Structure formats: C-alpha cells, structure tokens
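Colleague: I should like to learn how to read the contacts, the core and the helices of a two-chain model. Would you take me through them in turn?

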Amino acid sequence: MASYILKRLAAMVPTLLGVAVLIFLLLRVVPGDVVEARYLTQGSQFQSQELMNQERQKLGLDQPLWRQFATWMAGLARLDFGLSMWTSSPISEEIKLRFALSLQLALMASTIATLLAIPLGILAAVKQDTWVDYAVRVFSIAGLATPSFWLGILMILVMLTVFKWMPPVVFTPIWVNPWDNLAQLIWPALAVGYRYSAVGTRMMRSAMLEVLREDYIRTARAKGLRLKLILTRHALKNAILPVLTVISLEFAFLLGGLVVTEQVFNLNGLGMLFVEAISRRDYTLTQALVMLVATVFLLVNLAVDIAYAWLDPRIRYR
Amino acid sequence: MAVTREALRQLAGIEQRPGWLSALADFIRRRPLGTIGAAIVLAMVFAALGAGFIAPYDPLETDYGAMLAAPDAAHWLGTDAFGRDVLSRVIYGSRTALTVGLGASLLGASLGSLIGVASAYFGGRTDLVVQRVMDVFFAFPVIILALAVVAVLGTGAGNVILAIAIPMVPRCARVVRSSALAVREMPYIDAARAEGFGSLRIILRHMLPNVMAPILIMATAFLGEAILLEASLSFLGLGVQEPTAAWGLMLRGAAVQFAESAPWMAIFPGLAISLGVFGFNLFGDSLRDALDPRLRTQ
C-alpha cells in the first residue's frame, strides 16, 4: 500500500514537470509582458524604454529562458512560489483567501451534486422507462445544457425582483461569520452543483441498472428482502463507486475552473485571479495557479484510486 | 467491404437494413427524447442558414429611439442597450454557435482521433510518450486551457475554435486509442501489413474507419460542450467580439447591468444557449445508444 502510494507520487513528478514546461513556454509566447501591461494601465510610471528595461531587469525577465525556468523550479522545490510580478507581494499571500473561497465553493458544489445525483439516479434506475425516468433524464440533461453563469444571472434576478434581497457582495471566511459566508456562497454552489450533478445522475442511473440485473439482487429479492433494503444495502454499495469517481475528479476542476461563475456572482476566487493574472502577464502568479490546480487534480486522482481499492477489496494495487 | 458485411449479416442472421424512411419512423417511435433533440438541432441549423430571411431586423442595426424596449409587437423579444433587436440577434447568434461548435468539435475530434489511432498503432515508446503528453493536458481545467490559448492567439471566431478544440484533443485521443488498441489486434491489420502497406495508409484506411463509432459519439458530445465553452469565453469578453451576434456576448455587460429593468436581455440569449445544447445532448445520447450497443441502456 505505502509503496504503491509512493510509486504513484513519484509518477506525478514528470506530469507536473510537463505542466510546468507547457505553461512556462505558453506564457512566454503570449505577446507583451508584465511591464508593458502595467505601462498600458498606468502610463505615467514608465515613460522611457530605459525605465521599462530596468523594471524587466528587476523582475529577472532579461535572464535567458532556461535560467528563469531554473529559478522557478528551485523555488518550487522549496515550496516557495515567489513574488507576484504585478503586486510584488508573496504569491502565497495573494492566493490564501481566494483559495479558501474556491475550496469552500468546490466542496459545497460537489456536496450538492452528490446529494442530487445519488437519489435521482437511483430513482431513475428503479423506475426505468417510466415518466419518472424521463423526467429525471430531462432534468439532468437540462442541467448539463444550462450554463451555470446564466443560471446565476437568473437566480440574482429572481432574488432582486421577487425577494428584494441581494446576497452579500464581500467575501467573509466561514470562520469569521458563517451566516454571511453561506448567504453568499450557497447560490453559486447551487448553480454549479446542479450542473455537475447531471453527469453523476446519469452515471448513477446506468451503474444502478447494471447492478440491479445481478444475481445477488435476485437472490435478495427471492428471500423476501424489502426493496428499500435491497437498494441501500446491496445495490447502492456496488453502484456508487463510479459516481464518486466522476464527482471527485470534477472537484479538482471546480477549484480553478469556475472563472465565469465567479464573474457573475462577483466572487474573488482562483478562477478570477487566473484571468487577472493572465491579462496582466503576471507570469509568476499564473504559473503558481496552474501548478496548484494541476497538483490538486493529480492528488485527487490518486485519492480516488486509493479509495477504490479500499472500498472494493477485489481491486488490487499494481 | 460491402460484400463481406452482407455475408457477415447473413451469417449472423441479421435481417436486411430497412429503408431510411422506415428507419426514421423507427427512430422517432423508439427514441422520443432523441427526436426532440434532433428537432431542436434542425431548428437551430434552419435558423442559422436562413437567418437573413427569418430575422425581422438587421442584428447590428442600432435604434437609439428604442433602447431597452420591452418585448412588444415590433420587437418580440425586446431590444438591448443599443436598441438592437434581441430576437434577430438570437437568430443570428445560432450562426456563431454552430460555426464555432461544429468547427471546434470537428477539429478536436479529427486531431484527437488521429493521435489516438496513431498512438495505438505504433504502440511501445511512442504510445507511452503520447500518453504522458496527453496526461499533461488533462491536468488543466478545460476553460483554463482555452483561456491560455486565447491569450496566445488573441480573440475572434477562428482563434476561439482553436482554443476550444485543443482541450478536446487529449480526451478524444484517449477514448479513440482504447478502441483502436482492440482494432490493432485484428487479422485484417496484419493482412494489410503483410500486403506491404505503409503506416499512414493502414492508420487512415484500415483503422480509422473501424473506430468511427466512438469518434462520432465523442464529436456529438463535444458539440454541445463547445457551444457552452464559446458562450463562456464570449461572456468573459475573450471569445467572439462585438458587434457580432453571439449568445454569450449578449449576456455580457449591459445584460447583467440592466437585469432588473430589462430582464429580456438576460433571459432569451441564455435560453437559446440552454435549448441548443440541450438539443445536441439529447440527440447525441440517442445517437450513442443507437451506434454503440454496449452502452445501450436497455
């Protein structure tokens, strides 16, 4: 078990290195750099080419590419993300509060998705090919089709016009004021959770349909077990694994990929930070964000595989 | 090929394929949801092709006398902050959505399936390297990868197609590769090799046609997603640019700003996106069921 985890962790290194190289080069291909971006917004500060070059020197942008990369890697090895090129403050500081917001939102959305997907999927499978099944399928396909940012706009619209109420606009961490925190985050979590429940629901439905045809279910029925007990004790346990996989893998992407939803709900999460960083050509910050999301994704992947083997003893690690 | 198929069918005791009209009737009867999806898709294609005839106004024509006008007989879905007719813009928007959606999913699916088949065909070290590179792309959220590509290439419809297609390549490649691995072991591939055909010919003529079902399934699944991604990018101001009529773009800026006083600006373009993607997903689902018996939900 331990050696399996170690082996998997070691296998993450080349992938992460690949991600690092890709984002490093991608950013350098983008026309313009942070100095130019700043020059465009606050023209007075860097009037001459000379001053701009001085600024580049200070940021290390005049160094050859391999050295810039080596410096970055050396920092990463010490878990030091360095300074933001735009604000000059430590990146870990920049990210901290936004990470808390994005993490909480991702957790809430995944919870909502799970709570919707499992019962709906079971219901659709048990009532297969009835109007219940069709309704659930339409509900979930509609969820896939509705952009969560549009759902967000509609939610805000309804709250404004019908309830004359607006969720708080400033983020309060949950440990400061849980009520304000939830009043703000529950809406985006619902909009995103509904959308992501769709994949889970469909997965739950098909996994359940497969399991319900197994012999041991027939046996359970034959011995007169109540349907509820068959579903929860026998069927669900065997059908739930793929659903949990889908939802947890999406969790990693919810962490950094909610760019548009954050925009609609005016949330300062990692997604918005990413857009800001890229438009400011803030190389260090963009790189740090990409590495963060990629690492979380790979770790979640590993966690899912471990959970699989733990939940299903038939699966062995290789 | 046709003869072999015929012979196979007779051997397996499968009856002759019925005519397309009765096949269509069969599809409608057996897959009501798929039929609804197909109808929505057809309506969208119709709107996109015939936008010039259907739309009551020029989608770019501004009318400062009728800014933010509520829906009425003159403007069925109201007007936006520049007095442009929302209905006309929604109709013309289907052009943008379909162009970008079709372009991106065609490009993504063909590049992805080529890489997937080649990776499976060559196997060994090539396969390993290709898979590792795909892993790297997998570790990015789709929208982030698309944003990065837009940052490199700039905005505009053509670049948006590329930006959406690139994140789709590794996903398609992975699915197609797994199907192609099975095809590679088929005797007819050995036969082709023994015949002395080159790798390119074997990949294109012998392997690709035999993994067409998963490719088609992936491509239709991508279509809906591509339309959504285009809307998201345009909504962020990083996709199609003003004044082009695009659904995501219509939801940007003034639509949110005036959401309370002029809700039609926010409601109808979003409805168009949902309906369009809904149609493609329903249709794609049924297509998958019809094409791939293994995935059929009985």
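Modeller: Let us begin with the contact between the chains, bearing in mind that this is a predicted model. Chain A places 38 residues in contact with 35 residues of chain B.

Colleague: Which helices of chain A each supply at least two residues of the side that touches chain B?

Modeller: They are H1 (2-29), H6 (131-145), H7 (148-161), H8 (178-212), H10 (227-257), H11 (259-264), H12 (270-279) and H13 (283-311) of chain A. By residue class, this side of chain A divides into 29 nonpolar, eight polar and one charged.

Colleague: How is chain A itself divided into domains?

Modeller: The domain assignment gives domain 1 (2-91) and domain 2 (95-311) of chain A. Their C-alpha centres are 32 Å apart. The contact between them draws 24 residues from domain 1 of chain A and 17 residues from domain 2 of chain A.

Colleague: Which elements give two or more residues to the side of domain 1 of chain A that touches domain 2 of chain A?

Modeller: H1, H2 (34-41) and H4 (65-77) of chain A do so. H1(A) contributes the largest share of that side, ten residues. The residues of this side of domain 1 of chain A comprise 18 nonpolar, four polar and two charged.

Colleague: Let us turn to the core. Which residues of the largest nonpolar core touch the most other members?

Modeller: A nonpolar core is a set of buried residues of certain types, joined through C-beta atoms within 7 Å. Here the largest nonpolar core has 164 residues, and B:Ala146, B:Leu147 and B:Ile164 touch the most other members. Helix H5 (residues 86-122) of chain B gives the most to this core, with 15 residues. Domain 1 (2-91) and domain 2 (95-311) of chain A both give residues to the core, so it lies between them.

Colleague: What does B:Ala146 touch, leaving aside residues up to four places away in sequence?

Modeller: B:Ala146 touches B:Ala163, B:Ile164, B:Pro167, B:Leu229 and B:Leu233.

Colleague: How should one read the helix that gives the most to the core?

Modeller: An α-helix has 3.6 residues a turn, so residues three or four places apart point the same way. In this model, H5(B) has 37 residues and reaches 52 Å from its first C-alpha to its last, close to the 54 Å expected at 1.5 Å a residue.

Colleague: Is H5(B) mostly covered or uncovered?

Modeller: H5(B) is mostly covered, with 27 of its 37 residues buried. Just after H5(B), B:Gly123 takes a positive phi of about 60°.

How values were computed
Residues are numbered from 1 along each chain as its sequence is written. Chains are lettered from A and ligands numbered from 1 in the order in which they are written. This is a predicted model: local features need pLDDT of at least 70, side-chain atom pairs count only at pLDDT 80 or more; totals for chains, interfaces and linings use all residues. A residue is buried if 20 or more other C-beta atoms lie within 10 Å of its own, exposed if 12 or fewer, and partly exposed in between; C-beta atoms are placed from the backbone. Helices (H or I, at least four residues) and strands (E, at least two) are DSSP runs, numbered from the N terminus. Domain bounds come from an automatic or database domain assignment. Two residues are in contact if their C-beta atoms, placed from the backbone, lie within 7 Å. Ala, Val, Leu, Ile, Met, Phe, Trp, Tyr, Cys and Pro count as nonpolar, Asp, Glu, Lys and Arg as charged, and the others, Gly among them, as polar. The expected span of a helix is 1.5 Å times one less than its number of residues.
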